[in-house]
Amino acid sequence: MAAKPVGWGMIGTRGWSDMILGPAVNAARGARLNAVLSSSEAGAERFCASHGVARGYTDIRAFLADDAIDVVWIASPNHLHKEQAIAALKAGKHVLCEKPMAMNQAECRAMIRAAGKVGRLLTIGYNSRHHPRLKTFREQWQRGRFGAPVHMHCQFRYRYPHVPDDWWRLDDATSGCWVLGDIGTHFIDLLRWFNGEAETVHAHLSNKAYGRSADTAFLTIGFANGAVGTISASTAVTTGGGIELLGSEGCCRIEGGFVGLPGSVTTVRKGGEARTAPLAGHDTYKAQVESVTRVVARGEPLAVSAEDGLANVRVIEKARGW
């Protein structure tokens, strides 16, 4: 007899939830999307119809009382993460919270305490950790295939096609800094995953394109392993992106890879010639759901801890200056 699927509930019905996250749960092995929480009845009905979800809610108490939900995926605006995560944990649910974990370190710590009190899983949505090739590059970087780690650079630029004036991401009070909470947080996690804890953080932020919350950022981060990490991120211009690993004995340039995008990989060993190979796309969101599902069902180790989320927000706070 096949094992009972782990039941998932989604908070959020628009944007990424509709396009990426809902389909990821439906495609994942061992998981089933059983319910959704929306801010409107129309949103709940539309999402349920689009993704074959049995129940749609607009009241969080009714949503969290649904016994078919084992894991809650929080994909709401950043300023709601703490309140919703703590409510879900107190209701006995495991929680996958979208990045960034919360608005500040104090909120992150409150979430961690709540998870500890009830003995439930709390993990954060850094899906790039579930890319098999990135896992391989991390192992190579850490075991010295490119020599001693010197510099790791992450770059991604994506101009939003439509930015409404009342969009929550444009307000620091609800986003906690647009470009850092949207793109920069992913690369902060990758840099920490490869290099360990951040020791120093310097940043330049700009809002020249939209005049609201920062839409462009450049960060320099010093790590405990001696490497320097840099991040170039923007939600205002479109040029694509990639990841560079620069060691004392060689380097690796990854075009794409970020959140599972396809691209190419170019490697150069000291004294050798550059070699380029294609990099296949990978559904890192589906892989993330399957990983969390295995943790819940089988007790496998977490790929991303709540402490990783806290450490990420610590870097964000240093970068934004508040």
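## Around Ser291

Leaving aside residues up to four places away in sequence, Ser291 touches His130 and Ala303. This is a predicted model, so every contact described here belongs to a prediction. Ser291 sits in helix α9, and with a relative accessibility of 9% this serine counts as buried. Another residue to look at from here is Ala28: 263 residues separate Ala28 from Ser291 along the chain, while their C-alpha atoms are separated by 9.4 Å.

Helix α9, which covers residues 284–298, also holds the pair Lys286 and Glu290. These two side chains form a salt bridge, with the closest N and O atoms 3.2 Å apart. Why does this pairing suit a helix? Lys286 and Glu290 are four residues apart in α9, so about one helical turn separates them. As a rule, an α-helix has 3.6 residues a turn, so residues three or four places apart point the same way. The two partners differ in exposure: Lys286 is partly exposed, at a relative accessible area of 23%, whereas Glu290 is buried, at 6%.

## Salt bridges elsewhere

Searching the whole structure turns up 15 salt bridges. One of them joins Asp308 and Arg192, with 3.3 Å from N to O. Asp308 belongs to helix α10 and Arg192 to helix α8 (residues 178–195), so this pair ties together parts that lie 116 residues apart in sequence. Are these two charged residues buried or exposed? Both Asp308 and Arg192 are buried. The two residues also take part in a wider arrangement, a network of salt bridges that links Arg129, Asp189, Arg192, Glu197 and Asp308.

Asp59 and Arg61 give another example, their side chains meeting in a salt bridge at 3.3 Å from N to O. Here Asp59 is partly exposed, with a relative accessible area of 30%. Its partner Arg61 counts as exposed, at 65% relative accessibility.

## Strand β5 and its parallel neighbours

Let us turn to the strands. β5 is covered on both faces: His94 and Leu96 are buried on one side, and Val95 and Cys97 are buried on the other. That pattern follows a familiar rule: in a regular strand the side chains alternate between the two faces of the sheet.

β5 pairs in the parallel sense with strand β4 (residues 71–74), over four bridges. Within this pairing, Ile74 has Cys97 of β5 as its bridge partner. To get from β4 to β5 the chain passes through α4, making a right-handed β-α-β crossover. β5 also runs parallel to β6, and three bridges join these two strands. Leu96 has its bridge partner in β6, namely Thr123. The chain goes from β5 to β6 through α5, and this β-α-β crossover is right-handed too.

## Helix α5

The helix in that second crossover deserves a visit of its own. α5 runs over residues 105–118, and its 14 residues reach 20 Å from the first C-alpha to the last, close to the 20 Å expected at 1.5 Å a residue. At the N-terminal end, Asn104 acts as a cap, with a side-chain oxygen 3.2 Å from the backbone nitrogen of Ala106. Just after the helix, Gly119 takes a positive phi of about 65°.

Which residues of α5 are buried? They are Gln105, Glu107, Cys108, Ala110, Met111, Ala114 and Ala115. The elements covering these buried residues include α4 (81–90), β5 (94–97), β6 (122–124) and α10 (306–320). The strands β5 and β6 named there are the ones that α5 connects, and α10 is the helix that holds Asp308.

## An antiparallel set of strands

Antiparallel pairing appears around β11 (residues 240–247). Strand β7 (residues 149–157) runs antiparallel to β11, with eight bridges joining the two. In this pairing, His153 has Glu244 of β11 as its bridge partner.

β11 also has an antiparallel partner in strand β12 (residues 250–255), to which six bridges join it. What do β11 and β12 form together? They make a hairpin, with two residues between the strands. Gly247 and Gly250 of β12 are bridge partners in this pairing.

Technical notes:
Residues numbered from 1 in each chain as written. Predicted model: local features only at pLDDT ≥ 70, side-chain atom pairs only at ≥ 80, totals over all residues. Heavy atoms only, no water. Pairing = 2+ DSSP bridges. Expected span 1.5 Å × (residues − 1). Buried < 20%, exposed > 50% of the residue type's maximum accessible area, 1.4 Å probe, protein only. Contact = heavy atoms within 4.5 Å. Polar contact = N/O pair within 3.5 Å; in protein donor to acceptor, adjacent residues only side chain to side chain. Salt bridge = Lys/Arg side-chain N within 4 Å of Asp/Glu carboxyl O. Right-handed = clockwise from strand over helix to strand, strands pointing away.
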